[in-house]
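Work through the exercises below with the model open beside you. Try each task before you read its solution.

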Amino acid sequence: MLAYTALAWVPWGASEYHTHVLVTSLYYVILAIGWNLLAGYTGQFSLAHHTFAGVGAYTSALLVRYAHVPILVGIAAGAVVAAAMGYGLGTLCLRMRAIYLALATWAFAESLRLLITVEYEITRGDLGLAAPFLFATPRPTPYYYLFLALAMVAILVARELVDSRIGSYMRAIRDDEEAASVMGVDTFKWKRFVFAVSAVFAAVAGGFQGHYVGLLSPTPMKFNEMAIIVVMVIVGGLRTFAGPIVGAVFIEVLSEALRAWGEVRMVLFALLVIVIARGYPNGLVGICHAAGRRLAARVPALAPVLRPERQSD
Amino acid sequence: MTIADRAGPKQIANGWLLETKSLTKRFGGLVAVDDLPLAVRPGEVRGLIGPNGSGKTTTLNLLSGLYRADAGEIRLSGERIDRLRPHEITARGVARTFQTPKLFGSMTVLENVLLPALTELGRGGHRPMGEIRDRARRLLELVTLDVHRHAPAKELSGGQSMLLQIARGLMVHPIRLFLMDEPFAGVHPTIKDTIMETILRMNRTEGVTFLIVSHEMATLRRLCRRVSVMHEGKLIAEGSFEEVANHAVVLEAYLGR
């Protein structure tokens with residue numbers, strides 16, 4: 001809460017460019033949280049998460065363009081469509097494990113991207129589809145507050161879900177699906193449910209993002225985008241609650257800071273992922289916890305302040 | 001030491017808690033379970049023996065809903081359960097353990113045993129949480145894991161993992177039929193004793209019915225009055241140990257005579 005109050009003042013001190021970077025960071029925070037629910041907590045390593053951001057964005061922009069609905073209605077429709085598609089994709093993947101699920105979801109993501117590219121008479125494909133600005137301006141400040149609020153809601157909803165009975169089912173499915181089913185967990189129902197929920201996270205973020213950027217193209221539906229989400233969650237800490245939040249902001253800011261490097265950044269991120277996966281499976285969050293514990297051991301007076309937050313798995 | 005078969009809380013028309021008819025499961029050309037008739041009375045502790053590959057584990061997988069039968073039927077207290085999914089069978093009071101313990105590794109020991117109760121509440125169960133926690137603690141004490149209740153399950157030894165599987169299964173409520181797959185294989189003798197004591201205790205005090213797949217004849221002899229013998233997917237004999245041991249087909253299957 002305190003941190004959020006501080007964050008609310010940011011646009012006053014930062015340039016528009018920096019504010020824009022933060023808006024994009026917050027957009028990725030929502031995507032990363034949604035994917036962590038699916039991949040981190042439930043163990044469904046889907047590679048179609050970025051696609052649902054595209055589904056949200058295109059659904060809304062197309063409805064606004066052709067049916068002239070208000071933008072918020074378009075975004076809500078995008079969430080509904082994504083939920084249905086997420087449920088459908090989850091159903092398709094019910095009996096798939098690990099690499100097969102990853103491949104199937106990847107195939108789904110590529111098909112949808114190609115469909116949007118090819119159907120250019122409707123979607124304008126690579127020409128780009130104009131999406132009207134939500135706040136009638138491309139300036140980032142109002143969108144910053146919007147995404148700050150959205151990220152807050154995403155965090156609260158995810159926290160609620162993870163701490164609920166459903167959160168226990170999700171972890172049980174991830175740890176051992178067969179054991180979960182013979183202990184009474186309806187694994188099909190809950191896997192589909194998490195697929196749908198994470199799709200809604202992505203679609204809402206994507207929908208608002210579309211009406212902020214103002215122009216949609218199939219490019220962000222390429223696999224690169226998914227790779228970035230995976231990098232964010234793993235660097236931040238897969239299976240930790242704060243991981244995707246920390247990772248999304250860290251990677252997005254780093255990515256902007258190193259913009260001059262171009263695509264070489266991906267090499268750096270890949271190395272970062274390898275180092276983290278090898279040495280610090282709980283990512284930056286895990287490193288911070290370890291550092292906190294060490295500091296608390298050295299300076300006992302600090303212990304209550306540094307009390308590590310709930311370990312989420 | 002054997003225990004008398006006792007009638008469970010639910011008496012049904014034909015007296016069987018579990019009954020399979022012509023149960024069949026094929027994997028490609030292999031008939032893993034072949035026309036199996038198995039019938040277990042309420043309150044019984046039944047052994048299921050047979051050489052490796054005789055279809056014992058496949059039978060448990062069919063009974064718990066992990067596999068779908070190609071033919072035949074499974075009835076629990078007269079109700080057909082062979083088309084139900086695993087969690088629906090669990091909801092009817094059937095629990096099981098696996099030969100290689102399948103735990104929720106990232107959860108604590110206590111969270112593992114509480115999971116069946118969570119699903120029970122999710123189905124609309126009305127047991128108060130206090131009662132559930134009480135039972136969880138008592139079961140963990142029974143299997144000597146109470147001191148480890150806050151440890152992550154992945155840190156347990158093989159034998160302890162088996163004990164935890166058993167405690168977790170007993171949390172299914174109301175537990176009527178407990179299917180165990182090789183609970184004694186490769187565990188330390190003290191743990192073996194704990195498992196036997198747990199089985200006997202739950203059978204006596206709560207009338208839980210057990211179907212135990214095992215190779216440990218001496219142990220089964222102390223637990224069960226009757227055993228069923230499978231060979232190449234078929235039920236080849238059933239009865240007391242003495243009856244079964246003198247059965248010509250069993251001798252041939254087991255000893256090659």
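**Exercise 1. The four-stranded sheet**

Which residue in strand 2 of chain B stands opposite Glu19(B)? Use the answer to begin tracing the sheet.

Solution.
- Keep in mind that this is a predicted model.
- Ala39(B) in strand 2 of chain B stands opposite Glu19(B).
- Strand 1 (residues 18-27) and strand 2 (residues 30-40) of chain B pair antiparallel, over seven bridges.
- These two strands form a hairpin with two residues between them. In the turn, Gly28(B) has a positive phi of about 60 degrees.
- Now find the next partner of strand 1. Strand 4 (residues 71-76) of chain B joins strand 1 through five bridges, also antiparallel.
- Thr24(B) has Ala71(B) as its bridge partner in strand 4 of chain B.
- Strand 4 of chain B also joins strand 5 of chain B, by two antiparallel bridges. Here Arg75(B) has Arg80(B) as its bridge partner.
- Put the pieces together: the sheet is open, has four strands and follows the order 2-1-4-5 in chain B.
- Strand 2 and strand 5 (79-80) of chain B are the edges; each has a single partner strand, so one side of each lacks a neighbour in the sheet.
- Finally, look for the helix on this sheet. Helix 1 (residues 56-63) of chain B packs there and touches strand 1, strand 2 and strand 4 of chain B. The direction of helix 1 makes about 65 degrees with that of strand 2 of chain B.

**Exercise 2. The six-stranded sheet**

Which strands of chain B stand at the edges of the sheet with the order 6-7-8-3-9-10?

Solution.
- Start from the layout. This open sheet has six strands in the order 6-7-8-3-9-10 of chain B, with mixed pairing.
- The edges are strand 6 (94-96) and strand 10 (234-239) of chain B; each has a single partner strand, so one side of each is left without a neighbour in the sheet.
- From one strand to the next, the twist averages 20 degrees.
- Check one edge in detail. Strand 6 of chain B runs parallel to strand 7 (residues 177-181) of chain B, and three bridges join them.
- Ala95(B) stands opposite Phe178(B) in strand 7 of chain B.

**Exercise 3. Backbone outliers in the loops**

Where is the cis peptide bond that ends at Pro174(B) found: between which helix and which strand of chain B does Pro174(B) lie? Then assess Arg239(A) and Thr144(B).

Solution.
- Recall the usual pattern: most residues other than glycine have a negative phi, and most peptide bonds are trans.
- The bond from His173(B) to Pro174(B) is cis, with omega near -5 degrees.
- Pro174(B) is in the loop between helix 5 (158-170) and strand 7 of chain B.
- Arg239(A) is not a glycine, yet has a positive phi of about 75 degrees. The loop between helix 12 (223-236) and helix 13 (243-257) of chain A holds Arg239(A).
- Arg239(A) has 23 C-beta neighbours inside 10 Å, so it counts as buried.
- Thr144(B) is not a glycine either, and has a positive phi of about 60 degrees. Thr144(B) lies in the loop between helix 4 (129-142) and helix 5 of chain B.
- With 16 other C-beta atoms within 10 Å, Thr144(B) is partly exposed.

**Exercise 4. Core and interface**

Which residues touch the most other members of the largest nonpolar core? Then describe the side of chain A that touches chain B.

Solution.
- The core has 168 residues; Ile30(A), Ala82(A) and Ala167(B) touch the most other members.
- Helix 3 (residues 16-41) of chain A gives the largest share of this core, 16 residues.
- Among the residues that Ile30(A) touches are Leu150(A), Phe201(A) and Ala205(A).
- Turn to the interface: 15 residues of chain A are in contact with 22 residues of chain B.
- Helix 9 (165-175) and helix 10 (177-182) of chain A each give two or more residues to this side of chain A. Helix 9 of chain A gives the most, with five residues.
- This side of chain A divides into five nonpolar, three polar and seven charged residues.

**Exercise 5. Confidence**

What ipTM does the predictor give the complex? Which stretch of chain B calls for caution?

Solution.
- The complex has an ipTM of 0.87 and a pTM of 0.88.
- Chain B averages a pLDDT of 89, and 91% of the residues score at least 70.
- Residues 1-12 of chain B have a pLDDT below 50.
- Where pLDDT is low, the predicted coordinates should not be read in detail.

Technical notes
Residues numbered from 1 in each chain as written. Chains lettered and ligands numbered in written order. Predicted model: local features only at pLDDT ≥ 70, side-chain atom pairs only at ≥ 80, totals over all residues. Pairing = 2+ DSSP bridges. Axes fitted to C-alpha atoms, helices over the stretch in contact; angles between N-to-C directions. Core = buried A, V, L, I, M, F, W, Y, C linked by C-beta atoms within 7 Å. Buried ≥ 20, exposed ≤ 12 C-beta atoms within 10 Å, placed from the backbone. Contact = placed C-beta atoms within 7 Å. Nonpolar A, V, L, I, M, F, W, Y, C, P; charged D, E, K, R; others polar. pLDDT = per-residue confidence, 0-100. Lists of a residue's contacts leave out its neighbours within four places in sequence.
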